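Here is a short note to go with the structure you are about to open. Take the points in order, with the view beside you.

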Amino acid sequence: RSTEVYNYIDAEVNSSYDGTKACMASITRIQNLGSNGTPDVILFYGGTNDITQRRPVGSFDPATAPTEVDLISVKWDTVADAYVDAIMRMQHYYPNAEIVAMLPTFTYKNTDAVIEAYNSVFAAICEHYGVTYVDLRECGISTSDLPDGTHPNATGMDYITAAVMDVLMSDC
């Protein structure tokens with residue numbers, strides 16, 4: 001990883017980040033995943049809005065990573081902290097579910113280097129906590145599949161579905 005990438009992100013982040021809006025780690029949202037029964041598979045697509053809004057990515061060090069789930073926090077200083085709590089909370093509430101994290105694809109506001117900086121942190125978190133992940137930058141989505149520059153259209157969703165199914169089927 002390039003120091004230049006992290007310096008660029010630190011200089012350009014949205015300094016008004018309010019971690020209480022980090023919905024990916026919301027206890028209520030995670031508990032509601034089981035509202036229709038206990039899930040066998042959880043598809044987790046977190047971080048895209050954080051990247052677009054340039055919230056600080058932070059870092060992840062496996063040597064100092066949390067080992068106990070935090071069921072209290074509602075505010076996070078970095079996206080990495082919220083991502084860790086989201087993963088750990090899903091594992092806590094659904095210990096038998098397979099979690100598949102979908103690492104964000106590019107967005108209209110960000111360069112490849114910016115997306116790489118976030119996704120490398122997300123991948124490290126997933127690897128540490130034993131979560132399967134799919135890097136959506138490799139699934140075939142193009143800018144024409146992101147009509148608003150961030151969210152995929154039906155064709156983009158087809159690409160995502162195929163990439164996730166490939167991972168799920170390889171586990172069978």
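**Notes for a first look**

1. At 27% relative accessibility, Tyr 93 counts as partly exposed. The model is predicted, so please read each point with that in mind, since side-chain atom pairs count only at pLDDT 80 or more. Tyr 93 pairs with Tyr 94, and the two rings are tilted, with 6.5 Å centre to centre and 50° between the planes. Tyr 94 is buried, at a relative accessible area of 7%, because buried means under 20%.

2. Now for the overall layout. The protein chain has 6 helices and 3 strands. Along the sequence these follow the pattern α-α-β-α-α-β-α-β-α. The chain holds 172 residues, and 44% of them count as buried. Among contacts with a separation of 6 or more, 74% are between residues 24 or more positions apart.

3. How many aromatic pairs does a search of the whole structure find? The search gives 5. One of them is formed by Tyr 83 and Phe 122, which are stacked at 4.2 Å centre to centre, with 10° between the planes. This pair links distant parts of the chain: Tyr 83 belongs to helix α4 (residues 79–93) and Phe 122 to helix α5 (residues 112–129), 39 residues apart. Why does the pair count as stacked? Its planes are 10° apart, and planes under 30 degrees apart are called stacked.

4. Both partners of that stacked pair are worth a look for their surroundings. Tyr 83 is buried, with a relative accessible area of 0%. Phe 122 is also buried, and its relative accessible area is 0%. Together with Phe 44 and Tyr 118, Tyr 83 and Phe 122 make up one aromatic cluster.

5. Next, the nonpolar core. The largest one has 47 residues, and the members that touch the most others are Phe 44, Tyr 83, Ile 87, Met 90, Ile 125 and Tyr 129. Elements giving two or more residues to this core are β1 (41–44), α4, β2 (98–103), α5 and α6 (154–170). Phe 44 and Tyr 83 are thus names to remember, as they appear in the aromatic cluster and in that list of core residues.

6. Ile 125 is a good place to centre the view. Which residues is Ile 125 in contact with, leaving aside its neighbours within four places in sequence? They are Phe 60, Ala 80, Tyr 83, Val 84 and Ile 87.

7. On to the pockets. The largest pocket encloses about 470 Å³ of space. It is lined by 22 residues, and those closest to its centre are Met 24, Arg 29, Tyr 45, Gly 46 and Gly 47. Two or more lining residues come from each of α2 (27–31), β1 and α3 (48–52). By class, the lining of the largest pocket comprises 11 nonpolar, 7 polar and 4 charged residues.

8. The second largest pocket has a volume of about 180 Å³. Its lining has 14 residues, with Ala 65, Pro 66, Asp 81, Val 84 and Asp 85 closest to the centre. Sorted by class, the lining of the second largest pocket has 7 nonpolar, 2 polar and 5 charged residues. Val 84 is one of the residues that Ile 125 contacts, and it is also among those closest to the centre of this pocket.

9. Three loop residues deserve a stop. Is Pro 95 buried or exposed? Pro 95 sits in the loop between α4 and β2 and counts as exposed, at 61% relative accessibility. Pro 95 and Pro 39 are 56 residues apart in sequence, with their C-alpha atoms 9.8 Å apart in space.

10. Arg 54 is found in the loop between α3 and α4. Although Arg 54 is not a glycine, it has a positive phi of about 55°. Arg 54 is buried, with a relative accessible area of 11%.

11. Last comes Glu 138, in the loop between β3 (132–135) and α6. Glu 138 is exposed, and its relative accessible area is 66%. Its C-alpha atom is separated by 8.5 Å from that of Ala 163, which is 25 residues away along the chain.

Key: Residues are numbered from 1 along each chain as its sequence is written. This is a predicted model: local features need pLDDT of at least 70, side-chain atom pairs count only at pLDDT 80 or more; totals for chains, interfaces and linings use all residues. Side-chain values use heavy atoms; hydrogens and water are left out. Rings of Phe, Tyr and Trp (its six-membered ring) pair if their centres lie within 6.5 Å; planes under 30 degrees apart count as stacked, over 60 as edge-to-face and the rest as tilted. Helices (H or I, at least four residues) and strands (E, at least two) are DSSP runs, numbered from the N terminus. Buried means under 20% relative accessible area, exposed over 50%, partly exposed in between (1.4 Å probe, protein chains only). A nonpolar core is a set of buried Ala, Val, Leu, Ile, Met, Phe, Trp, Tyr and Cys residues joined through side-chain atoms within 4.5 Å. Contact means heavy atoms within 4.5 Å. On a 1 Å grid over the protein atoms alone, a cavity is a set of points where a 1.4 Å probe fits but cannot get out, and a pocket is an open set with protein on both sides within 12 Å along at least five of seven lines; lining residues have an atom within 4 Å of a point. Grid points are joined across faces, edges and corners, and a volume is the space filled by probe spheres set on the points. Ala, Val, Leu, Ile, Met, Phe, Trp, Tyr, Cys and Pro count as nonpolar, Asp, Glu, Lys and Arg as charged, and the others, Gly among them, as polar.
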